[in-house]
Structure formats: C-alpha cells, structure tokens
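Reader: Got a minute to walk me through this one? I'd like to start with whatever sits around the ligand.

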Amino acid sequence: MSGLREVEPDDLASIMELEQYAPLPTWSKSSWMEETTKHHVVVSDTQPIVGVIALGLVSGTAEVRRVVVLPQNRRQGLGRSLMEYAYRWAENSGATEIFLEVSASNTAALGLYRKIGFQDVSVRRDYYGPGDDGVVMCLPIDDTQEDS
Ligand SMILES: CC(C)(COP(=O)(O)OP(=O)(O)OC[C@H]1O[C@@H](n2cnc3c(N)ncnc32)[C@H](O)[C@@H]1OP(=O)(O)O)[C@@H](O)C(=O)NCCC(=O)NCCS
C-alpha cells in the first residue's frame, strides 16, 4: 500500500480531479487552496494522487473535514489509512476527540467511520437536503494508548 505525505501547492490540480468523486456540496479550487493553508491536508504518496484527507483542529477538538479516495482505488485500505493518520495527527496535536459529519445515505463513509470506532452522536434532520440527514460522529482519543 502507498504511503501518505503532506500536501504541496502543486497538488491542487490532482486534488480537484479527486473532488469530482466527493459528496456534495462540491469544494471549489479556492476552497481547497484555503484548506491547504488554514488546515491540515494529507495526500497519498502516489502519482497521480488517489486519496486525500482534510483535517482541522479547534480548541482541542479535531475534525475530519473531507476524505476522498479515487473510485478505482477503493476497498483497498486507503480510506482506513487516511483515517488512521487522522487519529495519530489528532493525538499528536493534543486533541481529546475527533468529530465529523456525514450524510446518513453515505454507506461507504459510514462503514469506514464505524469500522475505525466512530460512534453516532446526533442526527441533523435534512441537513444535506430534504430526506438527507447529517450524522454527527465522534471518536475519543484514547490517551492510554502507547504511541506506535
Ligand atoms: C469513504 C471512502 C473514503 C472509503 O475509502 P476506501 O479506500 O474504499 O476505504 P477502505 O478500503 O479503507 O475501507 C475500510 C472499511 O470501510 C468500510 N467500507 C468502505 N467502503 C464501503 C462500502 N462501499 N460499503 C460499506 N462499507 C464500506 C468497510 O468496513 C471497509 O473494510 P473492508 O474493505 O475490510 O470491508 C470512499 O468510499 C470515498 O472516497 N467515498 C467518496 C467520498 C466520500 O463520501 N467521503 C466521505 C465524506 S467527505
């Protein structure tokens, strides 16, 4: 499996290719540019880039803001690697928990998050549009774990 690396300015075009396969609402090029400067973005160490994750940190709480894997590279463990990276990054940043929000209809993402250990916290009715609820999920950082 490929490794991961921090984003570089030249990666923006590749990230926009991946963005085609991300859920709505779409993030524009300028949104991603802002993301790479204000938050923490990590990509697969592959040419072309086949996976990306955007993470944020506010007052001791980490957030998974976006995670996308190219369709032909799915179900090979990359999503899990990106989420495991998110956990280590949050832990090293001193966060006590990681939050995220996902559409209740996004079976793949829900499956990934639950496999990692995220628990449902609340449901935001019609958050993504009529009949499309948002699920808020949380994973506490276990500070008893040894660093690996
Ligand atoms: C969600 C996403 C990132 C998962 O990436 P991935 O590389 O396929 O994930 P992995 O191969 O690491 O899968 C890990 C586990 O997640 C779960 N999972 C992944 N895809 C799934 C699916 N389609 N249905 C059910 N469970 C799924 C499974 O438990 C899987 O383990 P398994 O393959 O041993 O059964 C990918 O489907 C994607 O990019 N989706 C579009 C973007 C998106 O919706 N992002 C989330 C909101 S921003």
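Reader: Which elements each supply at least two residues of the shell around the ligand?

Author: Strand 4, helix 3 and helix 4 (107-116) each do that. Helices here are DSSP runs of H or I with at least four residues, strands are runs of E with at least two, and both are numbered from the N terminus. Keep in mind that this is a predicted model, where local features need pLDDT of at least 70, side-chain atom pairs count only at pLDDT 80 or more, and totals for chains, interfaces and linings use all residues. Residue numbers start from 1 along each chain as its sequence is written.

Reader: Which element gives the most to the shell?

Author: Helix 4, with six residues.

Reader: And how many residues surround the ligand?

Author: 22 of them, and the closest are Arg74, Gly79, Arg80, Ala108 and Gly111. A residue is near the ligand if its C-beta atom, placed from the backbone, lies within 6 Å of it.

Reader: How do the shell residues divide by chemistry?

Author: Eleven are nonpolar, six polar and five charged. Nonpolar covers Ala, Val, Leu, Ile, Met, Phe, Trp, Tyr, Cys and Pro, charged covers Asp, Glu, Lys and Arg, and the others, Gly among them, are polar.

Reader: Back to strand 4 and helix 3. What unit do they make with strand 5?

Author: A right-handed β-α-β unit. Right-handed means that, with the strands pointing away from the viewer, the path from the first strand over the helix to the second runs clockwise. Strand 4 is residues 61-69, helix 3 is residues 78-92 and strand 5 is residues 97-103.

Reader: Do strands 4 and 5 run parallel or antiparallel?

Author: Parallel, joined by three bridges, with Thr61 opposite Glu97 in strand 5. Two strands count as paired if DSSP finds at least two bridges between them. Strand 5 is also joined to strand 7 (residues 134-140), by seven bridges, and those two run antiparallel. There, Phe99 stands opposite Cys138 in strand 7.

Reader: Which side chains of strand 5 are buried?

Author: Ile98, Leu100 and Val102, which point to one face. Glu97, Phe99, Glu101 and Ser103 point to the other face and are not buried. Buried means 20 or more other C-beta atoms within 10 Å of the residue's own, exposed means 12 or fewer, and partly exposed is in between, with C-beta atoms placed from the backbone.

Reader: Cool. What's the pattern along the whole chain?

Author: β-α-α-β-β-β-α-β-α-β-β, from four helices and seven strands. The C-alpha trace spans about 45 × 35 × 30 Å along its principal axes. Buried residues make up 26% of the 148 residues.

Reader: Switching to loops. Where is Leu70 found, and what does Leu70 touch?

Author: Leu70 is in the loop between strand 4 and helix 3. Not counting residues up to four places away in sequence, Leu70 touches Leu18, Tyr21, Val50 and Gly51; a contact means C-beta atoms, placed from the backbone, within 7 Å. Leu70 counts as partly exposed because there are 19 C-beta neighbours inside 10 Å. Leu70 and Glu19 are 51 residues apart in sequence and 9.0 Å apart in space, C-alpha to C-alpha.

Reader: What's the phi of Arg75?

Author: Near 60 degrees, a positive value in a residue other than glycine. Arg75 is found in the loop between strand 4 and helix 3, and Arg75 counts as exposed because there are 9 C-beta neighbours inside 10 Å. Asp126, in the loop between strand 6 (119-124) and strand 7, also has a positive phi, near 60 degrees. Most residues other than glycine have a negative phi, and most peptide bonds are trans.

Reader: Then the prolines. Is the peptide bond from Leu24 to Pro25 cis or trans?

Author: Cis, with omega near -5 degrees. Pro25 sits in the loop between helix 1 (12-19) and helix 2 (29-38). The C-alpha atoms of Pro25 and Tyr128 are separated by 8.5 Å, though 103 residues apart along the chain.

Reader: And the bond from Gln47 to Pro48, what's omega there?

Author: Near 0 degrees, so to speak of geometry, cis. Pro48 lies in the loop between strand 2 (40-44) and strand 3 (51-58).

Methods. Contact = placed C-beta atoms within 7 Å.
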